[in-house]
Amino acid sequence: RKLINNNMSKESKIEEEEAKIDQLKSKIKEKDTKIKTEDVTKTKGLTFDDFELPSDLQLAIYDMGYEKPSPIQEEAIPLILEGK
């Protein structure tokens with residue numbers, strides 16, 4: 001029974017964290033209207049969700065107002081996650 005309750009608690013916690021992330025995404029600060037050069041705009045189209053980062057880190061990223069990773073982040077984050 002404990003195992004079932006723990007699994008349900010984990011699932012509930014995950015759902016709660018995902019809801020928080022979605023809520024923060026909806027509150028992202030105003031769109032950045034500055035002119036952007038290709039070194040910033042030429043992305044692969046990834047999102048921070050694609051990296052499967054811990055939910056507390058994703059919450060912090062969205063809370064800071066970041067919506068999508070830059071090209072350098074798209075390249076660096078997977079390497080960092082692999083420990084390289």
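Start with Lys-20 and Glu-16, which sit four residues apart in helix 1, so about one helical turn separates them. An α-helix has 3.6 residues a turn, so residues three or four places apart point the same way. In this predicted model, Lys-20 and Glu-16 form a salt bridge, with 3.9 Å between the closest N and O atoms. That figure falls just inside the cut-off, which asks for a nitrogen within 4 Å of a carboxyl oxygen. Both partners are partly exposed: Lys-20 has a relative accessible area of 38%, and Glu-16 has one of 49%.

The structure holds two salt bridges, so let's turn to the other one, between Lys-44 and Glu-75. Here the closest N and O atoms are 2.7 Å apart. This pair links distant parts of the chain, 31 residues apart: Lys-44 belongs to the loop between helix 2 and helix 3, while Glu-75 belongs to helix 4, residues 71-81. Lys-44 counts as exposed at 54% relative accessibility, whereas Glu-75, at 41%, counts as partly exposed. As for the chemistry behind such pairs, side chains of opposite charge can pair when their charged atoms come close.

Now step back to the whole fold. The chain has four helices and zero strands, so reading from the N terminus you get α-α-α-α. Of its 84 residues, 18% count as buried. Take the contacts between residues at least 6 apart in sequence, and 70% of them join residues at least 24 apart. The accessible surface comes to about 7,100 Å², and carbon and sulfur atoms account for 54% of that.

What about the inside? The largest nonpolar core has nine residues: Ile-21, Leu-24, Phe-48, Phe-51, Leu-53, Leu-59, Ile-61, Tyr-62 and Ile-77. Two elements give two or more residues to this core, namely helix 1 (2-26) and helix 3 (55-63). Helix 3 gives the most, with three residues.

Helix 3 deserves a longer look. Its buried residues are Ser-55, Gln-58, Leu-59, Ile-61 and Tyr-62. Look down the helix axis and these buried residues fall within an arc of 165 degrees, so they line one face of helix 3.

Follow that list from its N-terminal end. Ser-55 is found in helix 3 and is buried, with a relative accessible area of 17%. That puts Ser-55 under the 20% limit for buried. If you skip residues up to four places away in sequence, Ser-55 touches Glu-17 and Ile-21. Next comes Leu-59. Leaving aside its neighbours within four places in sequence, Leu-59 is in contact with Glu-17, Lys-20, Ile-21 and Leu-24. You have already met two of these partners elsewhere: Lys-20 in the salt bridge with Glu-16, and Ile-21 among the residues touched by Ser-55.

Further along helix 3 is Tyr-62, which takes part in the one aromatic pair that the structure holds. Its partner is Phe-48, and the arrangement is edge-to-face, with 6.3 Å centre to centre and 85 degrees between the planes. Phe-48 lies in the loop between helix 2 (38-41) and helix 3, and Tyr-62 lies in helix 3, so the pair ties together parts that are 14 residues apart in sequence. Both rings belong to buried residues: Phe-48 has 3% relative accessibility, and Tyr-62 has 3% as well. Phe-48 and Tyr-62 are also both members of the nonpolar core.

Finally, check the backbone on either side of helix 3. Just after the helix, Gly-65 takes a positive phi of about 95 degrees. Glu-52, in the loop between helix 2 and helix 3, also has a positive phi, of about 50 degrees, although it is not a glycine. Is Glu-52 buried or exposed? Glu-52 is exposed, with a relative accessible area of 70%. The loop that holds Glu-52 is also where you find the salt-bridging Lys-44 and the buried Phe-48.

Key. Residues numbered from 1 in each chain as written. Predicted model: local features only at pLDDT ≥ 70, side-chain atom pairs only at ≥ 80, totals over all residues. Heavy atoms only, no water. Core = buried A, V, L, I, M, F, W, Y, C linked by side-chain atoms within 4.5 Å. Buried < 20%, exposed > 50% of the residue type's maximum accessible area, 1.4 Å probe, protein only. Contact = heavy atoms within 4.5 Å. Arc of directions from axis to C-beta. Phe/Tyr/Trp six-rings, centres within 6.5 Å; stacked < 30°, edge-to-face > 60°. Salt bridge = Lys/Arg side-chain N within 4 Å of Asp/Glu carboxyl O. Areas by Shrake-Rupley, 256 points an atom, 1.4 Å probe, with all protein chains shown as cover.
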